[in-house]
Amino acid sequence: MNEQWMSLQTNVPRWLDECRPYAKEGKAAAYIPALAIAPADALGISILRADGSSITGGDSSMKFTMQSISKVFTLLLALMDNGEEVVFSKVGMEPTGDDFNSILKLELVEPGIPFNPLINAGAIAVTSLIKGSNPADKTERILEFMRLMAGDEQLDYNRIVSKSESATAYRNRSLAYFLQENGVLSPHTNIEEVLSVYFNHCAIEVTCNHLARMGLILAHGGFDPLTERQLVPKRYVRIAKTFMLTCGMYNASGEFAIRVGIPAKSGVAGGILAVVPGQYGIGVVGPALNSRGNSIAGIRLLETMSVQNDWSLF
């Protein structure tokens, strides 16, 4: 057991206590009604390393939906289904500087494709590339991939949250039709079918332990050290982690890179998946969000740990 791991075991409970009060500065997402009931003062973490040992604390067993965190894995699956050339003919590789659900640059910047696969427009385009004969088949393929990465055959999506997202998805429908107008989605694409798959994968229900397991595989280049299997090509994982670092925290990704400096992806249910390359997978939950849609207490916790342990890639 190395010195850093022992330090984490000792200090994580204290850091949780110190960071939890920051949740008072935010609130749970309300624009998706099913998310508004989450306990805003919750904060939990799970850290997993290659020998299977873990550190958990706070509300780590709390269930929450992946939301935008799922976009990392639909990107990986779309790359495995189609290859880089096809995927990046539909989405770009650049941060936007705009809100995650912005429609602005689809109209203003040629050629009218989403800037990256982690904003809503990009994730909808990526979802359309997942292979399957119908929405149920595509949802099941995504679930099977998530179950493989999370090491849990029982992983499923929350039907109530998915329906709640669909009922209030006026902006996402606008984005999808704009993508169809721009030729990113074909004229024959059934928009409601694509969106149903998108809402389903955003509503996949996890705990911090699941995210830590998924992050551990990303930390090791797609290799699962617990089963000793290469689950995802290393090249595609490198692409995904680069997007996490540059675009994973919405339009606060640059600040997060400076303050924390590790690949991460947040979701509006309060989850954050973080990766310390070559070392740990980390799952955090803290439903109280800031104005950018990121967990306030969760970011503070990750920043504290990164500074104390010198995790920044820079």
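**Notebook: a five-stranded sheet and its surroundings**

I began at one residue pair: S266 has I272 in strand 8 as its bridge partner. This is a predicted model, which I keep in mind throughout.

Next I looked up how the two strands around that pair are joined. Strand 7 and strand 8 (residues 271-276) run antiparallel, with 3 bridges between them.

Then I asked which sheet they belong to, and in what order its strands lie. I found an open sheet of 5 strands, ordered 2-1-9-8-7, with antiparallel pairing. Strand 2 (54-58) and strand 7 (264-266) are the edge strands, each pairing on one side only. I also noted the turn between neighbouring strands here, which averages 10 degrees with direction ignored.

What lies across this sheet? I checked helix 10 (residues 208-219), and it lies across strand 1 (44-49), strand 2, strand 8 and strand 9 (280-285). Against strand 9, helix 10 runs at about 150 degrees.

Zooming out, I counted up the whole chain: the protein has 13 helices and 9 strands. I looked at overall size too. The C-alpha atoms fill a box of roughly 55 × 40 × 35 Å along the principal axes. A compact globule of 314 residues would have a radius of gyration near 20 Å, so the 18 Å I noted for the protein agrees with that.

Last, burial and contacts. Of the 314 residues, 58% are buried. Among contacts with a separation of 6 or more, 69% come from residues 24 or more positions apart. The accessible surface is about 12900 Å², and carbon and sulfur atoms hold 50% of it.

Terms used: Residues numbered from 1 in each chain as written. Predicted model: local features only at pLDDT ≥ 70, side-chain atom pairs only at ≥ 80, totals over all residues. Heavy atoms only, no water. Pairing = 2+ DSSP bridges. Helix = DSSP H or I, 4+ residues; strand = E, 2+ residues; numbered from the N terminus. Axes fitted to C-alpha atoms, helices over the stretch in contact; angles between N-to-C directions. Contact = heavy atoms within 4.5 Å. Rg over C-alpha atoms; globule rule 2.2 N^0.38 Å. Buried < 20%, exposed > 50% of the residue type's maximum accessible area, 1.4 Å probe, protein only. Areas by Shrake-Rupley, 256 points an atom, 1.4 Å probe, with all protein chains shown as cover.
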